[in-house]
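User: I'd like to go through this structure with you and ask how each label was earned. Could you set the values against the criteria as we go?

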Protein chains: 2
Amino acid sequence: MTELPDRVTIREVGPRDGLQSEKPLPVEDRVRLIEALSETGVPRLEAVSFVSPKAVPAMADAAAVWRRVRKVSHVEYSALVPNRRGAEDAVRASGFASLQAFLATADGYNRKNVGKSVDESIADVAEVVGVAEPVGLPVEVSISTSFGDPYEGDVVPARVLEVAERVLDAGAQRISLADTTGMATPTRIWEVVGLLQQRLPDAPINLHLHDTRGTAMANMLAAMQIGITEFDASIGGLGGSPFAPGANGNLATEDVVHMLSDMGVETGIDLDRVLAAASLLESLVGHRVNSQVTKAGPRWVLASR
Amino acid sequence: MTELPDRVTIREVGPRDGLQSEKPLPVEDRVRLIEALSETGVPRLEAVSFVSPKAVPAMADAAAVWRRVRKVSHVEYSALVPNRRGAEDAVRASGFASLQAFLATADGYNRKNVGKSVDESIADVAEVVGVAEPVGLPVEVSISTSFGDPYEGDVVPARVLEVAERVLDAGAQRISLADTTGMATPTRIWEVVGLLQQRLPDAPINLHLHDTRGTAMANMLAAMQIGITEFDASIGGLGGSPFAPGANGNLATEDVVHMLSDMGVETGIDLDRVLAAASLLESLVGHRVNSQVTKAGPRWVLASR
C-alpha cells in the first residue's frame, strides 16, 4: 500500500470553470450556487471571473454576482483574472483571498485562448502581481495544457518547469497545473509534478484535472501518492473542453469527496451538502450533471431488500 | 513514482456482462460483436453465458451464438455458467478455454441473484468443477460484492478471503474479485487484494471493476501498484448495476487501453480496433456508449489549428 495524505484541500471551481461552458445564468442563480457551495465546508472557492463578457458571456457581471454573495468566513474565495484590467476589477470588488491568472505551455493554445503569446501572458502575470501585491493579494497562476496540448500533443515536463519558473519569477506565489483537455495519465502526473517538486520545492502546487478521457480520478490518486494535497474540483463535474464536446468535464466535487471520505482522506466537506448543491445546479442549468455519485448515491446508502 | 507492471491481461466482457443489461440483441448481432472484439488483440474474451433465458433474456441462445462465432486462435474464450447444467451446456458447446462460475460474499445478494445461499453456490462451484475438470477446463470463480454489498454495506476482507478459500477448495483454479455495484475505492482494493495475495499467493486474481461511483480507473491503478495484472473491461463501458440505474457500468475497454498505452503498460490491444468495435456496438444497441475516449478521441489525435 502506498502513502496517502491525511487531508487534501479542495478548491471548488464550479461557479467559474463549470458555468463557463454553460448557457449564461442570471446573476441571482450564480449567487445561489456560490452560496450553496460555501455551505459545504469547502475551504477554497473560485467564485467569479473578471474576463471580457464578449469572450465569455457566462462570466459577465462578475462584480454584481460577487457583491450579492453572502460570504462565509471560513471560505477563501478567489477570482480568475486574465490581465491587469481584470486584476483591477477584482481588487475594486474586494474581499478575495487570492487572484488566479492563467496561461498555457505553448503559443498556439495560448493565442487561441487569450490572443497572446506565452511570453506576453507572462508579462500579464507580472502586471497582475503589480496590482495584487500592493493590496496583499497572493497570485496563483494556472498553467494550462501542462500534461498535453491539443495542438502540440505531448508537452515535455521541462517546458512546464520553465513556464512555472518564469511565473514565479514574475511574482506568482502558487502554481496550478491544469490538464485542460484531459491528456494526463498517472505516469505524466508523476513526471511533471515530480520535476516541479524537485526543482521548485517551495512552490505550492494545485492540480486542476479534467476527466475528458476517463483518467482524472486515477490522476488524482497518483498525485496524492507523491504528496500533492491541493486539487480543484467542480460541482457536478461541470466544465469541459471545446476540443471534446460531450466528454466529461472537471473532476466532480461529489465524486472526489465521496472517494476520499471512504479512503480516510479528510476534505472537511459535507457530501450531503455537496449533493444538495449538485441538485440545485441541475435545476439552474436545466439538465442532469454527469457525476456518478449524483446517480448512484453514496456507497453507504444501502438498498432495501 | 510507484512500480507498474509492464503488461496487463484484459478480459473483454462486453458480449456477456455488457449486453446482459441491454435489450436482447439478435444472435447475428452478438456474433458480429464477438468477432469484432476478437480482432482487437484482446487475449481473453467472455463470449456467452449459459444461464436461464428466463432469468437473463439478453443471454438466451448462447449455444447458437457460440456455434456461429468465427473463433480466433490467439483469444481465450470463456463462458459464464451458474451451475452444473450451465457447465454441461458449455462443455457440450465446446471450444472454451475456461468456465466462469460466480457467487457473492453474502446470502442476501446471492439469493437475489441466483436464489441460493452462498453455501449452496459453493456447492454449485464444486459441481461445475466436477463437469469441467474431466474435460480439462479450468474454472474461475467470480466473487461478487467483494468490495461492498448493496444490502450489507462494507464487506470485511476476511469474508472475501474465506469465500475465496472455499471456492479454491472446491476446485476452482482462479479468482475474480468483482466490485459489482461500484463500492470499491483504492484503499479497499489494497486491503482486500493485499490480504488474498498474502494468504493465497498461488491463486491468480483478476479484478472486475464497475465505475458506478467514478472510482474504477483509480481502483485499477491501485491494483496494478500491488501487482495485479488481470482485469476485466467492457467495450463502451457497457453493463451496469440494477442498484444504480443511469450510473456508469464496467470499466470501458477503450478508456483502459488508452490510458495504459500512454503509461507504457502493454495490453496487446489495438485501440483503433476497439474504437471500431465500440462504434459497431453503438449501432447494434441503438444508443451512444458512455466511455470517454469514444467521445474525446485518443490523446494523440491532435486538433487542427
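User: What makes E2(B), helix H3 and E3(B) of chain B a right-handed β-α-β unit?

Analyst: Happy to start there, with the reminder that this is a predicted model. The unit is built from E2(B), helix H3 (residues 62-68) of chain B and E3(B). The term right-handed means that, with the strands pointing away from the viewer, the path from the first strand over the helix to the second runs clockwise. The unit of E2(B), H3 and E3(B) is right-handed, so its path fits that description.

User: How do you know that E2(B) and strand E3 of chain B pair, and in what sense do they run?

Analyst: Pairing calls for at least two bridges. E2(B) and strand E3 (residues 76-80) of chain B are joined by five bridges and run parallel, so they pass that cut-off. One place to look is Leu45(B), which faces Tyr77(B) in E3(B).

User: What about E2(B) and strand E1 of chain B: over how many bridges do they pair?

Analyst: Strand E1 (residues 9-12) of chain B pairs with E2(B) over two bridges, again in the parallel sense. The cut-off is at least two, so this pair qualifies. Here Glu12(B) is the residue opposite Leu45(B).

User: Why is E2(B) called mostly covered?

Analyst: Five of the six residues of strand E2 (residues 44-49) of chain B are buried. Buried means that 20 or more other C-beta atoms lie within 10 Å of a residue's own. Strand E6 (residues 174-179) of chain B earns the description too, with five of its six residues buried.

User: Which strands does E6(B) pair with, and how are they connected?

Analyst: Strand E5 (residues 139-144) of chain B pairs with E6(B) in the parallel sense over four bridges, and Ile143(B) is set opposite Leu177(B) there. The route from E5(B) to E6(B) goes through helix H7 (residues 157-169) of chain B, in a right-handed β-α-β crossover. E6(B) is also joined by five bridges to strand E7 (residues 205-209) of chain B, in parallel, with Ile175(B) partnered by Ile205(B). From E6(B) the chain reaches E7(B) through H8(B), and that β-α-β crossover is right-handed as well.

User: Why is helix H10(B) described as largely enclosed?

Analyst: Because nine of its eleven residues are buried, the rest of the structure largely encloses it. Among the buried ones are Glu254(B), Asp255(B), His258(B) and Asp262(B), along with Val256(B), Val257(B) and Leu260(B). Just past the helix, Gly264(B) has a positive phi of about 75 degrees.

User: How do you know whether Ala244(B), Asn219(A) and Ser283(A) are buried or exposed?

Analyst: By counting C-beta neighbours inside 10 Å. Ala244(B) has 21, so it counts as buried, against a threshold of 20 or more. Its place is in the loop between strand E8 (230-233) and H10 of chain B, and its contacts include Lys295(A) and Ala296(A) as well as Thr181(B) and Thr212(B). Asn219(A), in helix H9 (residues 216-225) of chain A, has 31 neighbours and therefore counts as buried. Beyond its sequence neighbours, Asn219(A) contacts residues including Asp179(A), Ile189(A) and Leu209(A). Ser283(A), in helix H11 (residues 271-285) of chain A, has 10, so it counts as exposed, the limit for that class being 12 or fewer.

User: What makes the relation between the two chains a two-fold axis?

Analyst: Chain B is laid on chain A by a turn of 180 degrees and a shift of 0.0 Å along the axis, with an RMSD of 0.0 Å. That is why the relation is that of a two-fold axis. The two copies use the same surface, as 100% of the contact residues of chain B recur in chain A. In chain B, Ala218(B) comes closest to the axis, its C-alpha lying 1.9 Å away.

User: How many residues make the contact, and what classes are they?

Analyst: Each chain gives residues to it: 46 from chain B and 46 from chain A. Helices H8, H9, H10 and H12 of chain B each supply at least two residues of its side. That side has 21 nonpolar, 18 polar and seven charged residues.

User: And what confidence scores go with the model?

Analyst: The model has ipTM 0.98 and pTM 0.98. For chain A, the mean pLDDT is 97, with 99% of residues at 70 or more.

Note on methods. Residues numbered from 1 in each chain as written. Chains lettered and ligands numbered in written order. Predicted model: local features only at pLDDT ≥ 70, side-chain atom pairs only at ≥ 80, totals over all residues. Least-squares fit on C-alpha atoms with pLDDT ≥ 70 in both. Contact = placed C-beta atoms within 7 Å. Nonpolar A, V, L, I, M, F, W, Y, C, P; charged D, E, K, R; others polar. pLDDT = per-residue confidence, 0-100. Lists of a residue's contacts leave out its neighbours within four places in sequence.
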